[in-house]
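Got the viewer open and a selection box ready? Let's take a walk through this one, stop by stop.

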Amino acid sequence: MPSPVLSDKQPSVPLRVLQITDPHLMADPEGVLLGMNTRESLEAVLALAAGAEDHEPDLVLASGDISQDGSEAAYRLFQRLMSGFKCPVIWFPGNHDDAATMRKVTAGSGADERRVLAGGWQVICLDSSVPGQVHGELADDELDFLGRCLAEYPDTPTLVTFHHHPVDIDCRWMADIGLVNRDTLYQTLSGHSQVRGLLWGHIHQAWDDERDGRRLMATPSTCIQFAPGSNDFSLDDKAPGYRWLELYPDGSLASHVRRAEDYAYTVDLDSHGY
């Protein structure tokens, strides 16, 4: 089992986690997705996070669709933008990513860690991407890894994160592109009450709910947003954003979403897909 990232953080204070997701960067740093420059929008979100929170993060989670075109240049750009953080930054793939190219870029950097033990918590990062497909699935080895981590630390509050949504959301057009083996995921989680939250991206909108005593959270993209409650592909005019989590030693967690409202952006609201 991969060695976890360890931290000297004192257990009396929360572990502070910044989640960014779905930046959709391109080889061309001036690349535009449905009217929005994805590098500029990511930079605006990072600047907001740096100024809006009272503390620096202890951990950054980048939950997939790092690149729109799967290019090495896009991943190198993301790596440069992440270099300003003093804490570990962990990335894992989404459906638009080229996982092999991502691994090439992250190799030896610590960005490909699968698990973090810090602040009295365990954070488990899973790969839900399926090559060539939009939907997600947790392969048997991912579920086995999850089960081993949970069995090893049965009394440690745990956050599990991946790219695809494991619940139905109120967008009919996304019904078939979430996690297709979500029932197997919940079977793996069954009996593990230490799992306090599930965290993902992919849906380009905020989601915050609870199931079986676990917090279920999705986060706005750092670029374009999808309109909640839409039957067909539809963009929202809301600003890009991020999620901030504070994981307390007693197993409780607090979380909020912030959006870069002051960022001047353009989005093609008439688009029917990408």
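**First stop: a charged patch**

Select Glu137, Asp140, Asp141 and Asp144: together these residues form a negative surface patch. Keep in mind as you click around that this is a predicted model. Now narrow the selection to Glu137, which sits in the loop between β8 (121–125) and α4 (140–152). Is Glu137 buried, exposed or partly exposed? Glu137 is partly exposed, because its relative accessible area is 36%, and partly exposed covers the range between under 20% (buried) and over 50% (exposed).

**Zoom out**

Show the whole chain as a cartoon, and you'll have five helices and 16 strands to look at. The C-alpha atoms fill a box of roughly 50 × 35 × 35 Å along the principal axes. How does the radius of gyration fit a compact globule? For 274 residues such a globule would come in near 19 Å, and the chain's 17 Å agrees with that. Colour by burial if your viewer can do it: buried residues make up 56% of the 274.

**Salt bridges across the sequence**

The whole structure holds 13 salt bridges; we'll visit a few. Start by selecting Arg16 and Glu246, whose closest N and O atoms are 3.7 Å apart. Arg16 belongs to strand β2 (residues 15–20) and Glu246 to strand β15 (residues 241–247), so this salt bridge ties together parts that are 230 residues apart in sequence. Both Arg16 and Glu246 are buried, so hide the surface if you have one on.

Next, pick Glu53 and Arg258, a salt bridge with its closest N and O atoms 2.8 Å apart. Glu53 is in the loop between α1 (38–52) and β5 (59–62), while Arg258 is in strand β16 (residues 253–259), so here the pair links parts 205 residues apart in sequence. The two ends are covered to differing degrees: Glu53 counts as buried at 10% relative accessibility, whereas Arg258 is partly exposed at 32%.

**One within a helix, then a network**

Move to helix α2 (residues 72–82) and select Glu72 and Arg76, which lie four residues apart, about one turn of the helix. Their salt bridge has its closest N and O atoms 3.1 Å apart. Glu72 is partly exposed, with a relative accessible area of 29%, and Arg76 is partly exposed, also with 29%.

For the last stop, select Glu30, Arg39 and Glu43. Which residues do shared salt-bridge partners join into one network? Exactly these: Glu30, Arg39 and Glu43.

Conventions
Residues numbered from 1 in each chain as written. Predicted model: local features only at pLDDT ≥ 70, side-chain atom pairs only at ≥ 80, totals over all residues. Heavy atoms only, no water. Patch = residues over 30% accessible without salt bridge, like charges linked within 9 Å, V, L, I, M, F, W, Y side chains within 5 Å. Areas by Shrake-Rupley, 256 points an atom, 1.4 Å probe, with all protein chains shown as cover. Salt bridge = Lys/Arg side-chain N within 4 Å of Asp/Glu carboxyl O. Lys, Arg positive; Asp, Glu negative; His and termini not counted. Charge placed at Lys NZ, Arg CZ, Asp CG, Glu CD. Helix = DSSP H or I, 4+ residues; strand = E, 2+ residues; numbered from the N terminus. Buried < 20%, exposed > 50% of the residue type's maximum accessible area, 1.4 Å probe, protein only. Rg over C-alpha atoms; globule rule 2.2 N^0.38 Å.
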